[in-house]
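Biologist: Could you take me through how one reads backbone angles, burial and sheet order from a set of coordinates?

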Amino acid sequence: MRPMSQITGVKEASAAALLSVRGVAVRFGGIVALDGISFDLPPGSIVGLIGPNGAGKTTLFNCLSRLYTPSAGDIVFDGCSILSRPAHRIVELGIGRTFQNLALFRNLSVIDNVRIGGHCRSGGDYFSDALHLPWTRRSEADLDRRARELIAYLGLDDVLERRVADLPFGTQKRVELARALNSAPKLLLLDEPACGLSHEEVEALSATILQIRDDRALTILVVEHHMSLVMSISDRVVALNFGRKIAEGTPAQVQQHPDVIDAYLGTGHA
């Protein structure tokens, strides 16, 4: 087995990283969910986070969005630790997220759901909004314009006024992606974006993620069980198992790593 240092590139990447995960550990009582995880995301990259069920992927994502607080380690975004920030302030830093289980407002329309994603950038407050001051009207008009642009960008024009609950699952996924993009993120966290999609929808999703990265100069971290999607879009892949990082490198390197093969197929299949 090759030494981990030959395939990680952690030291080389850390100076230019948009996001650095540094020795992150999470314990729930006597259960170790994450055990000293470290990796970096260079600006403009797509990094895939993979591992079997229970590997710690969702726990790590919840640390990045501040739903969980690590027991040890640090998470540095754009040069500053995010651990002092509460969850509801993370989006203001430039971190947007989608969820494996859709977190849309199902009884609202598509455009209202997408507008909600941009409120963190609107600068409104209760009294100004209640009095409907001129500057708040301009802010609302700008919010509406940006929402409509994203809806058109993701091909949702024909369902703009439709109630989200009445839409197919794949379309709802695009609505959630549009809402996340409306927060103007620097880093986009995609949690199982291919879950529940058809083969054709997964192929379209691959092209969409790459286009979003290129058009909007985003950095993307994607947690996904769909290996062909991860391997086709990722610049680098991080593999977890039982809360530990077992491999990191290019998709080809990680696919061939014996610990990754063992994690997915069982000992003896390497």
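Modeller: In this predicted model, helix α3 is followed by Arg 66, whose phi is positive, near 70°.

Biologist: Is α3 itself largely enclosed or exposed, and which of its residues are buried?

Modeller: Burial here means under 20% relative accessible area. Seven of the eight residues of α3 meet that criterion, so the helix is largely enclosed by the rest of the structure; the buried residues are Lys 57, Thr 59, Leu 60, Phe 61, Asn 62, Cys 63 and Leu 64.

Biologist: What is the order of the strands in the open sheet, and which are the edge strands?

Modeller: An edge strand is one that pairs on one side only. The four strands of this open sheet run in the order β2-β1-β4-β5 with antiparallel pairing, and its edges are β2 (31–41) and β5 (80–81). Strand β1, residues 19–28, is joined to β4, residues 72–77, by five bridges in the antiparallel sense, and Ala 25 has Ala 72 in β4 as its bridge partner. Helix α3, residues 57–64, packs on the sheet, where it touches β1, β2 and β4, and its direction makes about 115° with that of β1.

Biologist: How does the span of helix α8 agree with its 13 residues?

Modeller: A helix is expected to span 1.5 Å times one less than its number of residues. For α8, residues 169–181, that should give 18 Å, and the end C-alpha atoms are 19 Å apart, which agrees.

Biologist: How many residues of α8 are buried?

Modeller: Eleven of the 13 are buried, so α8 is largely enclosed by the rest of the structure; among them are Gly 170, Lys 173, Glu 176 and Arg 179, as well as Val 175, Leu 177 and Leu 181.

Technical notes: Residues are numbered from 1 along each chain as its sequence is written. This is a predicted model: local features need pLDDT of at least 70, side-chain atom pairs count only at pLDDT 80 or more; totals for chains, interfaces and linings use all residues. Side-chain values use heavy atoms; hydrogens and water are left out. Two strands pair if DSSP finds at least two bridges between them. Helices (H or I, at least four residues) and strands (E, at least two) are DSSP runs, numbered from the N terminus. Contact means heavy atoms within 4.5 Å. Axes are lines fitted to C-alpha atoms, for helices over the stretch in contact, and angles run from 0 to 180 degrees between N-to-C directions. Buried means under 20% relative accessible area, exposed over 50%, partly exposed in between (1.4 Å probe, protein chains only).
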